[in-house]
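Here is a short walk through one protein model and the spaces inside it. Keep the view open as you read.

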Amino acid sequence: MQLSNILDRISEPQTILMAKLSRELKAKDINLVDLSLGEPDFRTPDYIIEAAKKAMDEGYTKYTPVAGFPELRSAIALKLKRDNNLDYDPNQIMVSTGAKQVLANTILCLIEDGQEAIIPTPYWVTYSGQVSLAQGKCVFIHCGIEEDFKLTAEKLEAAITAKTRLFIFSSPCNPTGAVYSKKELKGLVDVFVKYPEITIISDEIYEYINYTGKHESIAQFSEIKDRVVVVNGFSKGFSMTGWRLGYMAGNPEIIKACEKLQGQFTSGANSIAQRAGITALTGDMTPTYEMTKAFKERKDYFISALSEIPGLKINNPEGAFYAFPDISSFFGKSFEGNTIQNADDMTMYLLNTGHVTGVTGSAFGDDNCIRFSFAASMDSLKEAVVRISKALGQLA
Ligand code: PLP
């Protein structure tokens, strides 16, 4: 069969590959500690599940408006005011099938053949896949552990060319947990002010999983707000990954363009999820805050335990639920004839010998690191630390 060459522009996500390899080992009765997944290990809160059941009983089972139910768009506008002090009219908001579709819509609407998207690395790999699908060119800026994985104004400005149209980043960041402070964002904003043709995609999906106490959105800078697309959703903060519900806020022109595109792809997002989403945003958010509290306890344990393993270099994530240690000091070392040359080798070694599943840093544009999710039980994390420590200790 002759398949379209559009497929050559993307590859299978490493997370899916790791899940496949883990399943194969589990089928051989090998007990694995799986820290590869990017989703909260909590149930969706009951008040949201009840709202979904009620929505079905009330007949919300039909096609929805492409941009989302007006009541949900209004609830999102209220949320953006309440939590972020951002003013958006409901017509500056659009709902999609997950933040992933929001990103796809926005990227496809804003970039075309040969235009450039600047992406600081490490980054969530879907960004580059979607830019490639749009035939854009990714310009990566490496931000290492010594900079707490954050981009500076100087490095940003040096990467801008006449072809730059997009800047894409997440704060809190997947995979590093880096959270930009207001001051750090202001540094970037001062650069963007000079380049009005650049749109900023601000992925804030981990907003509520923030250990600094306050989420700062780059959209709060009025000098560039009109060029910021805020991307958010329900997957992480409300543990609703399977419900597939995300949203964007931004310039009405971009919203209209995304609506046109989505109208030909998926139409409006799932009706039941949208009704539940209204309740999620307007109800008592205690479960969200409790979940973040639990993640913080696990983070404090996991990061401190990992940092005691000789040879591991690790930063303190201020958001999200990932540890992203630098394992480069082990490169060149071996165990039973198996030499570790890079993060891919280390990930496979930890999987096959240590029986801990992580995701290679190369999947996020960083060949020195490996990502472990701490959205797992404390017992699993403790066991993972024992296994990682033993496996690394065997390398010589
Ligand atoms: N943005 C980042 C940084 C993510 O890590 C993810 C999911 O892993 C998403 C967006 C996608 O979110 P959704 O499940 O709403 O599509």
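The largest pocket has a volume of about 680 Å³. Its lining counts 29 residues, and those closest to its centre are Thr15, Gly38, Lys100, Trp124 and Lys236. Three helices each give two or more residues to this lining: H1 (14–27), H4 and H5 (126–133). By class, the lining of the largest pocket holds 14 nonpolar, 9 polar and 6 charged residues. Keep in mind that this is a predicted model.

What takes up the space of the largest pocket? The ligand does. Find the ligand, then look at the residues around it. From the early part of the list come Gly98, Ala99 and Lys100, among others. Trp124, Tyr127 and Asn174 are also in the group around the ligand. So are Asp203, Ile205, Tyr206, Ser235, Lys236 and Arg244. Sorted by class, this shell has 5 nonpolar, 3 polar and 4 charged residues. Which helix gives the largest share of the shell? Helix H4, residues 98–110, supplies that share, with 3 residues.

Now turn to single atoms. The side chain of Asp203 places a polar atom 2.6 Å from a nitrogen atom of the ligand. Lys236 has a side-chain N or O atom 2.7 Å from an oxygen atom of the ligand. For Arg244, a side-chain N or O atom is 2.8 Å from an oxygen atom of the ligand. How much of the ligand does the protein bury? Taken alone, the ligand exposes 400 Å², and the protein buries 92% of that.

Leave the pocket and look for enclosed space. Rolling a probe the size of a water molecule over the atoms shows where empty space is left. In this model there is 1 cavity of 30 Å³ or more. The largest cavity holds about 90 Å³ of space. It is lined by 13 residues, and Pro120, Pro122, Phe169, Ser170 and Cys173 are the closest to its centre. Two strands, S3 (116–121) and S5 (164–170), each supply at least two residues of this lining. What is the class make-up of the lining of the largest cavity? It divides into 11 nonpolar residues, 2 polar ones and no charged ones.

Pro122 leads on to the backbone. Most residues other than glycine have a negative phi, and most peptide bonds are trans. Some places here depart from that pattern. Thr121 and Pro122 are joined by a cis peptide bond, with omega about 0 degrees. Pro122 sits in the loop between S3 and H5. Follow the chain onward to Pro172. The peptide bond from Ser171 to Pro172 is cis, with omega near -10 degrees. Pro172 belongs to the loop between S5 and helix H7 (182–192).

One further backbone feature involves phi. Ser239 is not a glycine, yet it has a positive phi of about 50 degrees. Where is Ser239 found? Look in the loop between strand S7 (228–233) and strand S8 (246–249).

Methods. Residues are numbered from 1 along each chain as its sequence is written. This is a predicted model: local features need pLDDT of at least 70, side-chain atom pairs count only at pLDDT 80 or more; totals for chains, interfaces and linings use all residues. Side-chain values use heavy atoms; hydrogens and water are left out. A residue is near a molecule or strand if one of its heavy atoms lies within 4 Å of it. A polar contact is a pair of N or O atoms within 3.5 Å; within protein, one must be able to donate a hydrogen and the other to accept it, and residues adjacent in sequence count only if both atoms are side-chain atoms. Accessible areas come from the Shrake-Rupley method with a 1.4 Å probe; for residues, only the protein chains shown count as cover. On a 1 Å grid over the protein atoms alone, a cavity is a set of points where a 1.4 Å probe fits but cannot get out, and a pocket is an open set with protein on both sides within 12 Å along at least five of seven lines; lining residues have an atom within 4 Å of a point. A molecule sits in a cavity or pocket if more than half of its atoms lie within 2 Å of its grid points. Helices (H or I, at least four residues) and strands (E, at least two) are DSSP runs, numbered from the N terminus. Ala, Val, Leu, Ile, Met, Phe, Trp, Tyr, Cys and Pro count as nonpolar, Asp, Glu, Lys and Arg as charged, and the others, Gly among them, as polar. Grid points are joined across faces, edges and corners, and a volume is the space filled by probe spheres set on the points.
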